[in-house]
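Biologist: I would like to learn how to read a model like this one. Can we go through it feature by feature?

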Amino acid sequence: MLYEDGEYSTTRRTLTASAVLLRRLHLDGPLLAALAAVAAFGLFVLYSATGENFAQWLRQVEYLVLALVTLVALAQVPPAWLRRVSPLLYALGIVLLVVVAVHGTVGKGAQRWLTVGPVRFQPSEIMKLAVPMMCAWYLHERPLPPTLRDVLVLLAIVAVPAALIAKQPDLGTALLVASAGILVLFLAGMSVVVILAGVAALGAAVPVAWHFMHDYQRQRVLTFLDPAQDPLGAGYHSIQSQIAIGSGGVFGKGWMNGSQAQLEFLPERSTDFIFAVIGEELGLLGQLFLLGLYLTVIGRALYLASETQDTYGRLVCGSFALTFFVYAFVNSGMVSGILPVVGVPLPLVSYGGTAMVTLLASFGVLMSLNRHRKLVGA
Amino acid sequence: MRRSVRIKDHWSEQRLFIGRILFAAIAATLLLLVVGGRLFLLQVLKHDYYVDLSQGNRVRLEPLPPDRGLMYDRHGTVIAENTPAYTLELTPEQVADVPDTLRRLAAIGLLEQEQVPALERLIRSGRKFEAVPLRLSLSDSDIATFAVRQFEFPGVEIQTRLARWYPYGDAGVHALGYVAAISEDDLKHIDRDQYAGSAVIGKIGLEGTYEPELHGNAGFRQVLVNAQGRRVDRLGGGTVKLETRQPRAGNDLFLGLDMRIQKVAEEALAGRRGAVVAIEPDSGNIVALVSVPTFDPNKFTRGISGREYAALRDDLDRPLFDRALRGAYPPGSTIKPLMALAGLQYGAIDPNATRFCRGYFTLPGSSRPYHDWKKEGHGMVDMRKAIQTSCDVYFYALADVLGIDRIHDALTKLGMGKLTGIDVGGELPGLVPSSEWKQLKYKQAWFPGETVSVGIGQGYLLVTPLQLAHAAAILAGHGKNFRPRLVTAVRDAATGAVRKLPPVEEPRIELKDEHSWDIVVEGMERVTEAGGTASAIAQGASYKIAAKTGTAQVFSLGQNEKYVAKNVAERLRDHALFIAFAPADAPKLAVAVLVENGGHGGSAAGPVARRIFDAFLLGKFDAAPAAVLKVE
């Protein structure tokens, strides 16, 4: 209806040309647009959150370009190759995690970096992709829902890397890796009874775990429950980020006008706590806008997952879509004080190249799996 | 077996998958709504609460200390001013380990080791965010030492402040007092908000007494700080409205003190221990207030070291002790004019009646002799001659007739035994004994023999040099009684208006017969004439001096022992005293001089008074005018 006025409308021609290009490149337009919107919003906020550090902002732009290139590249890989390479990727990841445990570079008190020539990277990031791909590979040929034996095997596949990562220690990444694997199990139709039993077992484990915890670990838990207990120590992040958000109000204090952020009361303002900067400077509206963009990304990704034809593709796509949700939920929950403080970045907004590349890589895989379908009936 | 039965059913698997996807989509939406609800709680419902918290986070009050009021002498010469000085200051909340920081500052020689514990206590009792001065005045080399190591001392900074400076150094220090670092004790009774940015407070003298005038009112400036408490100039791209309230400088004091006369008096007493008080009888204005030895108050304002302070405190000559206001001495014969007034007031004696002085006095019914200072006696003396020659026997007898309680009443009326009410703190009342006092203090009756001693200014009687000068001023004014005072005017710092303080006139001292003043003053005039005990000091004077000498025993001799100065240790020698006013017929200045262990009043203390009179009345200065010290 919109294009009724003529066959030769330039708008229509451009749109058609774009659609052709996207299809050739095995890319999904709506998802790519939503991701681009999040990234653009992120760059906008980051400029203020870095304290107008243009050099840092430019580096983030470079990361974004690199991540987009990765996305497009991965989208070109045929799904069958991806499936076949899954166990190899997983095995490589395990080896690298062991290497990093022995030889890695210590950064911010945790040993998670591996330097190969000029490249420094975190093997744990590979696992964010490799674990769900490995789980899906394992389930691909098997009838679903998985049997209890399958579930146990898969839990082992998830637990080994998660434990290695948690030991670095990098609780945030371990959590993301584990959830990516478990989401595959969930999507594969693991019995609700088993899920409930697992949750119950975890609940029962809490007092036991408490018993075995070190004092400082207990302190962390207590601080999460009541940040005011330790306002200058572990509770500081939580309190300051809530002050930042709360003082922002509905409309915020204005871009680059957040006193909490600009005067550095807010720690990690450009990385893990950037959501608080949005709250302070752009207000409730800014935060809801971002959450809306996230929901769009997740919704579109889930839709694409449901469209995917083979088991492997469906499981991987669904897991990636929901992992993206986990990022968004855990970070926004932690910054707003309803979840404990764990190092999970705000997807595509927090400063940092690693998470950016990994996230867009996962969407590259997702598009490849979805867009290389055999056009049955089309 | 079972596995072989199960085959992949793509249709049902897809249905299962889509069910799970839907479930996940709904769960994700709900969970993000929970986050949204949380945000609503923080940003809408508790918005005001968090706005307050964030405001408190970034805006801090920085105190602006007021400039301390200045002091001027009667000629408008600045005698207490403010000059810039570099101070070393520590802000407790920016220092992780205060004891360690202080220790390391001591290790590089910026603090003395023995200061560290006191500083630690001071820092603990102050406010966390207020800078505490560690050193009040840094030398260039101290600044250089610190500058290269500043990075090792986060939270410690060099600041420029105005520091007190006394250009005349040790001159008049007991009158002016000094300021020094605010101590833990001071913190307990000051309004901390008014002293938030101040490093020093007036301790003694006028600096202490007039602290409320001199200090002024602190101002404040709201400053933007970052999370480290460091000042920042701007907030991101935005601006914030910050309030500033300028401090109000302290008021300036104008003194009746004449710094040149003060210097003359101090130089005249140089090398001795003693005091001089010079008062204008027609206003009570103090022209000179001297206590020697003295000390340099600039040391206190710039942060005195423990060693230097201990040296001052433990000096046998007690330079810190204000002899003029707090030294209680037997007045010796300087009390005689007052005793004579008492005798006339009570009608106890006929001033013209003569009495034979044979060199000693005995109480009726007693054989114990009370010796005159002149062994052979003064022969026939009336009241005027008794004052002129300082005849002890005449006043022994007069005191005996008056009795201690009438003496007590008369001397108290003339200002002895009580505070003069001078406008600077710290004076002591001395002591005028009475039978009631002795009963209370010693649970003993008063003995008539004790009255005899009081008659010549010995015994229990103790007076301060200030009281003597005040009494001399009353004699000069024939009963006119002005309260002694140092400050004559105050200049309001804000308006520049000078508020003159009218002299405080106390009720005139009324005598039954006004002629009594003339009799006593005549006697005092004759003291400086031929045959008087101080005839030497008036030689060549173009004006007439009325005076009375005094020599007070420090060391009690046995009844028949003779006092021989060279046999007595220096510190046990007699105190020399002298009261005088001049010109005798129209007095402009009354003076009391005390020289501790100076020997005879006429020869040791009298010449000091003469030099003061020459300087004040004739503008005659023997020495070059006092040099003004340059700020170090």
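Modeller: Leu348(A) is found in the loop between α13 and α14 (353-371) of chain A. Helices (H or I, at least four residues) and strands (E, at least two) are DSSP runs, numbered from the N terminus. Before going on, note that this is a predicted model: local features need pLDDT of at least 70, side-chain atom pairs count only at pLDDT 80 or more, and totals for chains, interfaces and linings use all residues. Residues are numbered from 1 along each chain as its sequence is written, while chains are lettered from A and ligands numbered from 1 in the order in which they are written.

Biologist: What is the phi of Leu348(A)?

Modeller: First the general idea. Most residues other than glycine have a negative phi, and most peptide bonds are trans. Leu348(A) is not a glycine, yet its phi is positive, about 65 degrees.

Biologist: Is Leu348(A) buried or exposed?

Modeller: Count C-beta atoms, placed from the backbone. A residue is buried if 20 or more others lie within 10 Å of its own, exposed if 12 or fewer, and partly exposed in between. Leu348(A) has 28 C-beta neighbours inside 10 Å, so it counts as buried. Met256(A) also has a positive phi without being glycine, near 70 degrees. Met256(A) sits in the loop between α10 and α11 of chain A. It has 18 other C-beta atoms within 10 Å, so it is partly exposed.

Biologist: Which peptide bonds are cis?

Modeller: One is the bond from Leu144(A) to Pro145(A), with omega near -5 degrees. Pro145(A) lies in the loop between α5 (123-140) and α6 (148-166) of chain A. Another runs from Ala582(B) to Pro583(B), with omega near -15 degrees. Pro583(B) belongs to the loop between β23 (575-582) and β24 (589-595) of chain B.

Biologist: What is the secondary structure of chain A?

Modeller: Chain A has 14 helices and three strands. Of its 378 residues, 48% count as buried.

Biologist: How many residues does each chain give to the contact?

Modeller: Two residues are in contact if their C-beta atoms, placed from the backbone, lie within 7 Å. Chain A gives 46 residues and chain B gives 40 residues. On the chain A side, the largest share is 12 residues, from α12(A). That side has 22 nonpolar, 22 polar and two charged residues. Here Ala, Val, Leu, Ile, Met, Phe, Trp, Tyr, Cys and Pro count as nonpolar, Asp, Glu, Lys and Arg as charged, and the others, Gly among them, as polar.

Biologist: And packed helices?

Modeller: Two packed helices are described by the angle between their axes and the distance between the axes. Axes are lines fitted to C-alpha atoms, for helices over the stretch in contact, and angles run from 0 to 180 degrees between N-to-C directions. Take α4 (residues 98-107) and α5 (residues 116-125) of chain B: the angle is about 145 degrees, and the axes are 10 Å apart. Leu102(B) is among the α4(B) residues in the contact, and Leu119(B) is among those from α5(B). The contact has seven nonpolar, no polar and two charged residues.

Biologist: Where does the largest nonpolar core lie?

Modeller: A nonpolar core is a set of buried Ala, Val, Leu, Ile, Met, Phe, Trp, Tyr and Cys residues joined through C-beta atoms within 7 Å. The largest has 142 residues. Domain 1 (61-250) and domain 2 (259-618) of chain B both contribute, so the core lies between them. Those bounds come from an automatic or database domain assignment.
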